[in-house]
Amino acid sequence: MSHQPVAIVGIGQTHHKRKRADVSIAGLVREAAQRALEDANMDWGDIDAVVLGKAPDFFEGVMKPEMYLADALGAVNKPMFRVHTAGSVGGSTGIVGSHLVSSGRHKRVLSLAFEKQSEGNAQFALGGGKGASIGAGGAFAPFIRSYIQRSGAPEDIGWMVAVKDRLNGAKNPYAHLKLADITIDKVKESPMMWDPLRFLESCPSSDGACAVIFTDEDGGKAASKPPAWVLATAMKSEPGWYSGRDPVNPQAAHACAQEIYKTVGITNPREQIDCAELYVPFSWYEPMWLEAHEIAAPGEGWKMTQSGATALGGDFPVNMSGGVLSSNPIGASGLLRFAEAALQVRGLAEDHQVGGANLAIAQAYGANAQFFAMWAVGSSLNPLG
Amino acid sequence: MAPSENDIAIVGFAQLPPERRSNLTESDLVLRSTREVIAQVGIDKSEIGFTVSGSCDYLSGQGFSFVQNTDAYGMVPAINESHVEMDGAWAMYEAYVRLLQGDIDIAMAVGVGKNSNSDPSTLFTVEFDPYYLTPLGTDTWTLAALQARALIDSGKATERDFAEVVVRNRANAKSNPFAQVKGDYSVDELLAADYVRNPLRRHDLPPTTDQAAAVILARGKRAYDLCERPAWITGIDHRIEAHLPTVRKDITTSVSTRIAAEAAGVGKGPIDVAEIHAPFSFQELILRESLGLDASTEVNPSGGALAAHSVMTVGLIRVGEAANQIIKNGKNRTLAHTTSGPCLQQNLVCVLEGDQ
């Protein structure tokens, strides 16, 4: 689809925590960007344009913070762009950055997404900045109950996802939660938040940032470390409510995946894709997205979780980084998924590396499970041969 | 001209009448402006390959406000869609880059802002550095006044020059059906008013406006199906400067505008008409110089941002007005500019050309 090939040559993220009181917002984003520059063997002056993404400005109480962050991100006298597409924003930020290179507008682009949730009240902001917010868990729990009823999935599937993602997170040095001693019993016994979601099946609230550096084909080939190649990008939106809508299995989720598979030439996602980073803020979204993205047949997603296929050593690992369940700086969460997919095909994911990963997908979703951003990345421009 | 597949044009533009206080929701404003521009170019909405909007949660007074606005697009089946927390002119830039991917031919960009929800001197205090500026209660007007004072001190302009900008823009606005502030005024009459922020008077400040606007862009030959004389985007660039005005070397000039204008190729030929987004009267003087415009360019025949100033929409309207000069008014080469942030921190410059 793209005009010109795009390579990912730099990835950086902060250590995600409940509260990064040691840094300002500027310090937080700079920490991620600096790590991406080091990874790319670049300096600030090498970057031609910056794309900044984050969820609602109400999270920190700063309107259009990219204005204030221009200095910290080395954007002075350069183009700086601000994306906001709700929860999918991290993914959109990566896609917009990659398009600036594929279109030939710029040679080297820095996409950065962040959230410093400890500076404000996330629950208040998630409710649109109004009182009586039911939060994201309250919004998604009915969809999850509906999925369980329809699929006949046993109740322990959600617990299994919660354990698996936290064990992966324990291997990721940047993860907020490192719960190496988590067990099914601990999840099962944790407090009920939004039936059927228990405390340990829910994402944390984190401070964190993620940075990705894109360059063109020449830049990718000249990179000092293996690049990841952007094979396809897609953003699809549908209304949050409409007559006949299926929020458990949104049409936009299907359309987004179909566009990616078509562009890359994927005909059997389960077989051809080596691993996936999916936006799973609440445990049950793993099987739900496996189905809505056509990796598993309808009603069969939970069986992939149950069989261990989605574990780090399984045949279709999901959320090797620990996922949103292990770190959730909301605006950055999507870009963290996209970055982890790239790390995997670069072979740089260390303790959470999937052996021989050549083709990976990443996804982020937002608002009322209605906005979807997705990309496929490869260790080469043609990983399917 | 015979367009290549990488040539992108604005083929349609619709704006709603500006209002001091609209009773419509943002979603309704988006619905009306997009329906109008779609009807204008005579396509079905299913032909639009990408839709992107620019709006601001803080202006609408709630987080995720753009989410409801997307209901205006009719997204069943799902569409390619995005949003920027920037003026609609930057949404137009994203649409332009998206069209350059080459897989779609038509895109729509929207800007919407209900500025009447808040008092700008209160609201815009949170647009600044949250640790050093916002706690001081610094507002856009105050920082603009400091910039105006610097301009006066530099000897480049006087308060009378500021008032002359206002008189000309308000007079131009008389012939613009989409102007909120218009009429015949004298410089002496304006200068008799009290200061709001010394040396700025009420007339030097932007009005508060609720408005929406939308443009449709098309790629390559497809543009001729939608518009007899498309406004081709022959140059576009945007730049940002340091946030704190005190960090910038000289706030009586706009470095980011100058770089963007050079990158957009403004100086490659004469500019017939320029639509400049100067929220404060004196900033038009700074911008004219930084854009490299001479006396042959007609500036703001619409009345510019002093005639209507819906933050998040005003920049896209400059693009639409400059495009209409080509589409409807026979001009050959026009310029659109928009700005964001304190003291002209961020600037976008777009050069449009018609077939000759």
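This passage describes the two chains of a predicted model, the contact between them and a selection of salt bridges.

Chain A contains 14 helices and eleven strands. Its radius of gyration is 19 Å, close to the 21 Å that the globule rule gives for 385 residues, so chain A is as compact as a globular protein of that length. Along the principal axes, the C-alpha atoms of chain A fill a box of roughly 55 × 50 × 45 Å. Burial was computed for each of the 385 residues, and 65% of them count as buried. Contacts in chain A were also sorted by distance along the sequence. Of those with a separation of 6 or more, 78% involve residues 24 or more positions apart.

Chain B contains 13 helices and twelve strands. The radius of gyration of chain B is 19 Å, close to the 21 Å given by the globule rule for 356 residues, so chain B is as compact as a globular protein of that length. The box filled by its C-alpha atoms is roughly 55 × 45 × 40 Å along the principal axes. Of the 356 residues in chain B, 67% count as buried. Among contacts between residues at least 6 apart in the sequence of chain B, 78% join residues at least 24 apart.

The two chains touch. Chain A gives 55 residues to the contact, and chain B gives 59 residues. The size of an interface is often given as the accessible area lost when the parts come together. Here chain A and chain B bury about 4900 Å² between them. Carbon and sulfur atoms account for 61% of that area.

Polar and charged pairs also cross the interface. The rule finds one salt bridge there. This salt bridge joins Glu127(B) to Lys64(A), with the closest N and O atoms 3.1 Å apart. In addition, 22 residue pairs are in polar contact across the interface, both residues of each pair being at pLDDT 80 or more. Several elements of chain A supply at least two residues each to the side that touches chain B. They are helix 2 (66-69), strand 3 (80-83), helix 3 (89-102), helix 4 (122-126), strand 8 (228-237) and helix 9 (251-264). By residue type, this side of chain A divides into 26 nonpolar, 17 polar and twelve charged residues.

Ser102(A) offers a view of helix 3 of chain A, in which it lies. With a relative accessible area of 1%, under the 20% cut-off, Ser102(A) is buried. The side chain of Ser102(A) reaches the backbone oxygen of His99(A) at 3.3 Å. Ala153(A) stands 51 residues from Ser102(A) along the chain, and the C-alpha atoms of the two are separated by 42 Å.

Over all chains, the structure holds 41 salt bridges. One of them pairs Asp39(A) with Lys225(A), the closest N and O atoms being 2.7 Å apart. This pair links distant parts of the chain, 186 residues apart. Asp39(A) sits in helix 1 (residues 25-40) of chain A, while Lys225(A) sits in the loop between helix 8 (217-222) and strand 8. The two partners differ in accessibility. Asp39(A) counts as buried at 9% relative accessibility, whereas Lys225(A) counts as partly exposed at 36%.

Another salt bridge lies within helix 8 of chain A. Glu217(A) and Lys221(A) form this bridge, with their closest N and O atoms 3.1 Å apart. The two residues are four apart in helix 8, so about one helical turn separates them. Glu217(A) is partly exposed, at a relative accessible area of 26%. Lys221(A) is exposed, at 61%.

Chain B provides a further example. The side chains of Arg219(B) and Asp105(B) meet in a salt bridge, 3.0 Å from N to O. Arg219(B) lies in strand 7 (residues 210-219) and Asp105(B) in the loop between helix 4 (88-99) and strand 4 (106-114) of chain B, so the pair ties together parts that are 114 residues apart in sequence. Arg219(B) is buried, with a relative accessible area of 10%. Asp105(B) is partly exposed, with a value of 33%.

Salt bridges also form a network in chain A. The linked residues are Lys54(A), Asp57(A), Glu60(A), Glu66(A), Arg82(A) and Glu115(A).

Technical notes:
Residues are numbered from 1 along each chain as its sequence is written. Chains are lettered from A and ligands numbered from 1 in the order in which they are written. This is a predicted model: local features need pLDDT of at least 70, side-chain atom pairs count only at pLDDT 80 or more; totals for chains, interfaces and linings use all residues. Side-chain values use heavy atoms; hydrogens and water are left out. Contact means heavy atoms within 4.5 Å. Buried area is the accessible area (1.4 Å probe) that two parts lose on being put together, summed over both. A salt bridge is a side-chain nitrogen of Lys or Arg within 4 Å of a carboxyl oxygen of Asp or Glu. A polar contact is a pair of N or O atoms within 3.5 Å; within protein, one must be able to donate a hydrogen and the other to accept it, and residues adjacent in sequence count only if both atoms are side-chain atoms. Ala, Val, Leu, Ile, Met, Phe, Trp, Tyr, Cys and Pro count as nonpolar, Asp, Glu, Lys and Arg as charged, and the others, Gly among them, as polar. Buried means under 20% relative accessible area, exposed over 50%, partly exposed in between (1.4 Å probe, protein chains only). The radius of gyration is taken over C-alpha atoms; the globule rule is 2.2 Å times the number of residues to the power 0.38.
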